[in-house]
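Biologist: I am new to this structure. Could you take me through it by question and answer?

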Amino acid sequence: MQRAGFEYRIKSKVYLNREDCDEIGALQAECVRKEPIALKLELDYKLEDAANAERGNGFRDINEFMAYHGDALIGYLGICSFGDRSQPLEITGTVHPDYRRGGVFTALYTLAMEECGRRKARGALGLCDRNSVSGQEFLKSINAAYRYSEFEMVYHEPRTAIREEQLCGIVFRKAANADAREIARQNRIYFGDAEGENAGEEPAGGLLPEDEEKRGMAIYLAEKDGRVVGKANASLINGHGGIYGLGVLPEHRGKGFGRAILMKTIEILKDAGAGEILLQVAAHNAAALKLYQSCGFKETSVMDYYQLL
């Protein structure tokens with residue numbers, strides 16, 4: 001392909017290997033050096049997930065799109081589903097500052113959207129740091145509809161032992177595949193349209209906890225007096241911790257369970273060797289934001305989500 005006076009080629013892949021991640025990491029570092037923003041590329045997670053399962057129809061999902069000028073990687077766009085086909089796909093990427101406005105990102109985006117269509121994806125979201133001028137301009141140019149924003153927050157505090165009374169009688173247990181339906185139900189309540197017209201639908205392919213653990217993500221169910229009250233996902237990859245999917249069921253809120261679940265998840269990750277712990281929280285969720293701040297998390301960036309499909 002040729003745009004704006006230079007030629008480039010695009011390589012599509014099912015999954016990334018270590019060499020790919022090193023190249024993309026170097027590209028990311030150069031982009032961030034020129035424009036100090038956050039890029040949610042999920043490279044560590046993708047490397048752990050390198051053995052993507054082959055679909056029953058014989059096709060394999062194409063998740064990675066890499067643009068090269070000669071031997072140099074000049075652009076990358078990735079699709080991430082986090083193993084849950086019931087949720088929208090997440091799409092994000094970047095182009096080397098010296099090669100922008102040459103049609104590279106448009107070409108990568110076009111291929112990614114064709115792949116989303118082939119999969120019959122249940123939606124696709126584009127992720128962009130609020131301070132990324134080029135990213136926001138691109139999303140505006142394709143008339144992408146703004147959906148919501150999330151704060152990325154980081155916890156750097158040393159491990160602190162939790163007192164028994166701080167756990168409010170909460171007991172954690174690692175979820176098994178038999179808990180997949182319960183996890184999907186909670187995800188719909190916390191992050192989906194549980195009150196909407198699709199609330200009665202059966203989730204179309206949710207997370208299998210035992211498979212997710214192989215990718216570095218352990219899912220924990222929180223129980224009180226033998227009843228499930230909430231959950232949290234704890235990710236640890238290459239010493240980087242992450243907390244995702246944390247929630248308390250509506251009938252159990254206002255009892256301190258959210259703080260207990262958060263503190264216990266932090267303890268689990270710290271005990272496992274996490275140097276820092278990341279999480280994302282919806283910008284409009286003032287209660288959750290206040291909770292995370294009070295437990296030692298600090299905001300580092302704002303990620304905007306746009307509807308692409």
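Biologist: Which residue just after helix 3 takes a positive phi?

Modeller: This is a predicted model, in which local features need pLDDT of at least 70, side-chain atom pairs count only at pLDDT 80 or more, and totals for chains, interfaces and linings use all residues. Residues are numbered from 1 along each chain as its sequence is written, and side-chain values use heavy atoms, with hydrogens and water left out. Helices (H or I, at least four residues) and strands (E, at least two) are DSSP runs, numbered from the N terminus. Just after helix 3, a positive phi of about 55° is taken by Lys120.

Biologist: How far apart are the end C-alpha atoms of helix 3?

Modeller: Helix 3 covers residues 104–119, which is 16 residues. The expected span of a helix is 1.5 Å times one less than its number of residues, so helix 3 should span 22 Å. The model agrees with this, because the end C-alpha atoms are apart by 23 Å.

Biologist: Which residues of helix 3 are buried?

Modeller: Buried means under 20% relative accessible area, exposed means over 50%, and partly exposed lies in between (1.4 Å probe, protein chains only). In helix 3 the buried residues are Val104, Ala107, Leu108, Tyr109, Ala112, Met113, Glu115, Cys116 and Arg119.

Biologist: How many residues of helix 7 are buried?

Modeller: Helix 7 runs over residues 257–271, and its end C-alpha atoms are 21 Å apart, in agreement with the 21 Å that its 15 residues should span. Among its buried residues are Phe257, Glu267 and Lys270. The helix is largely enclosed by the rest of the structure, because the buried count out of its 15 residues is 12.

Biologist: Where in the protein is confidence lowest?

Modeller: pLDDT is the predictor's confidence in each residue, from 0 to 100. The protein averages 87, and 89% of the residues score at least 70. Confidence is highest in strand 4 (residues 64–69), at a mean of 97, and lowest, at 48, in strand 1 (residues 2–3).

Biologist: How many contacts does the stretch of residues 51–58 have beyond near neighbours in sequence?

Modeller: The pLDDT over residues 51–58 is below 50. Where pLDDT is low, the predicted coordinates should not be read in detail. With contact meaning heavy atoms within 4.5 Å, the number in the model for this stretch, beyond near neighbours in sequence, is 10.

Biologist: Why is the pair of Phe6 and Tyr99 called edge-to-face?

Modeller: Rings of Phe, Tyr and Trp (its six-membered ring) pair if their centres lie within 6.5 Å; planes under 30 degrees apart count as stacked, over 60 as edge-to-face and the rest as tilted. A search of the whole structure finds 10 aromatic pairs. The centres of the Phe6 and Tyr99 rings are 5.1 Å apart, and the pair is edge-to-face because the planes are at 80°.

Biologist: How many residues apart in sequence are the parts that Phe6 and Tyr99 tie together?

Modeller: Both Phe6 and Tyr99 are buried, and with Tyr8 they form one aromatic cluster. Phe6 lies in strand 2 (residues 6–7) and Tyr99 in the loop between strand 6 (89–95) and helix 3, so the number of residues separating these parts in sequence is 93.

Biologist: Is Cys80 buried or exposed?

Modeller: A disulfide is a pair of cysteine sulfur atoms within 2.5 Å, and the structure holds zero of them. Cys168 counts as partly exposed, at 24% relative accessibility. Cys80 has 8% relative accessibility, so it counts as buried.

Biologist: Which residue in the turn between strand 11 and strand 12 has a positive phi?

Modeller: Two strands pair if DSSP finds at least two bridges between them. Strand 11 (residues 227–237) has eight of its 11 residues buried, and it pairs with strand 12 (residues 240–248) in the antiparallel sense over seven bridges. The two strands form a hairpin with two residues between them, and the turn residue with a positive phi of about 55° is Asn238.

Biologist: What is the relative accessible area of Gln280?

Modeller: Gln280 has its place in strand 13 (residues 276–282). Not counting residues up to four places away in sequence, Gln280 touches Lys40, Glu150, Phe151, Glu152, Ile243 and Tyr244. Gln280 is buried, with a relative accessible area of 18%.
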